[in-house]
Amino acid sequence: MRVAFLGLGIMGRSMAANLVKAGHEVAVWNRTPGKQVEGARVAATPAEAATGAEVVWMCVSDTQAVEQVLFGAEGVQNSLTSGMTVVDSSTISPSATQDFAQRLRSRGVDYVDAPVTGSKIGAENASLIFIVGGDEAVIERVKPLFDAMGKQVFRMGETGKGQAAKLVMNLQIALIFEGFAEALTLATKLGVNTEALISVVQASMIRSGVVDYKAPFILKRDFSPNFPLRLMHKDIHLALDAAREARVKLPGLETVEEVYDLASEEGHSDLDYAATLTLLEKWAGVEVKGNQN
Ligand code: NAP
């Protein structure tokens, strides 16, 4: 298929590369010039990338970025053709998603929200899970693209439901990781060996994919971003906003938000969200260590 891929960050660059690998004709665009993907045409603007494309796929930071890419002066809106499909793999506001979809549908363009889970490694290995909202027939039409970048597609309902489901998934990741980080910090203070603790955690009913992914990085003290703290912080805000609109109280997430506020003040925004651990360590006066360090 002819695809415009917009946003070559941690996730987008590997996703676009996997589309090229699967034989699709790909044009890429990134706000900051200089990023490219081997085998893809580099476009100067979103509009230029979208010209002649059957599908426009976005993976940018946040709601404002998606709005700019779609409806800004050099945005996709200048190149829309009837029958085109726009897919958004950014994690953004569910209500803004419905608004964007409506504006595009009035111009004969289909819209699918398709945020992902699987992080940097999932994007690299084409093993992402897509959490999707939109019309079933449209989702089926872009299935070859989902297959090129991921391993599973879950349709959650109509437009916006993919984003809503993604937010509640990240709510859980933030809370699970915070629980893990607090456990590691207290365990270290109590003199429990970290690797022995992780082994028993993963053998028990507490076992978690979050721990599978994050533990090796923590043991190496590698806090380089797979999922930047600033983006998890954004998702916590999105979930709390959605909860306020729906009149739902989330005391756990509200507390975790404070940890992210403080971690951001400490200058950790561009590190992985696992760096929230370093704040707990600082408060406790310990450092969580693997057997090798
Ligand atoms: P990233 O590495 O920070 O990349 C963000 C991308 O968005 C960059 O290409 C950036 O362009 C672009 N961007 C930011 N503001 C923009 C604007 N106003 N207009 C146009 N482009 C803009 O982020 P990422 O990790 O790839 O994440 C992308 C999306 O996927 C986010 O919504 C994130 O929440 C979601 N996500 C990430 C992960 C993960 O583990 N990393 C997992 C699941 C979902 P520049 O290069 O110019 O800054």
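Me: In this predicted model, how many residues surround the ligand?
Reply: Let's start at the ligand, remembering that the model is predicted. Asn-30, Thr-32, Gln-68, Ser-119 and Lys-234 are the closest residues. Counting every residue that surrounds the ligand gives 28.

Me: How far is an oxygen atom of the ligand from an N or O atom in the side chain of Asn-30?
Reply: A polar contact needs N or O atoms within 3.5 Å. Lys-35 has a side-chain N or O atom 3.0 Å from a ligand oxygen, and a backbone N or O atom of Gly-9 lies 3.4 Å from one. For the side chain of Asn-30, the distance is 2.6 Å.

Me: How much of the ligand's accessible area does the protein cover?
Reply: On its own, the ligand has 910 Å² of accessible area. Helices H1 (10–21), H3 (63–71), H5 (119–124) and H11 (229–245) each give two or more residues to the shell around it. The share of the ligand's area covered by the protein is 90%.

Me: Which domains give at least three residues each to the shell around the ligand?
Reply: By class, the shell has 11 nonpolar, 11 polar and six charged residues. At least three shell residues come from each of two domains. They are domain 1 (2–158) and domain 2 (164–284).

Me: Why does the chain's radius of gyration agree with a compact globule?
Reply: Zooming out, the chain has 13 helices and nine strands, and its C-alpha trace spans about 65 × 45 × 35 Å along its principal axes. A compact globule of 293 residues would have a radius of gyration near 19 Å. The two agree because the chain's own value is 20 Å.

Notes
Residues are numbered from 1 along each chain as its sequence is written. This is a predicted model: local features need pLDDT of at least 70, side-chain atom pairs count only at pLDDT 80 or more; totals for chains, interfaces and linings use all residues. Side-chain values use heavy atoms; hydrogens and water are left out. A residue is near a molecule or strand if one of its heavy atoms lies within 4 Å of it. A polar contact is a pair of N or O atoms within 3.5 Å; within protein, one must be able to donate a hydrogen and the other to accept it, and residues adjacent in sequence count only if both atoms are side-chain atoms. Accessible areas come from the Shrake-Rupley method with a 1.4 Å probe; for residues, only the protein chains shown count as cover. Helices (H or I, at least four residues) and strands (E, at least two) are DSSP runs, numbered from the N terminus. Ala, Val, Leu, Ile, Met, Phe, Trp, Tyr, Cys and Pro count as nonpolar, Asp, Glu, Lys and Arg as charged, and the others, Gly among them, as polar. Domain bounds come from an automatic or database domain assignment. The radius of gyration is taken over C-alpha atoms; the globule rule is 2.2 Å times the number of residues to the power 0.38.
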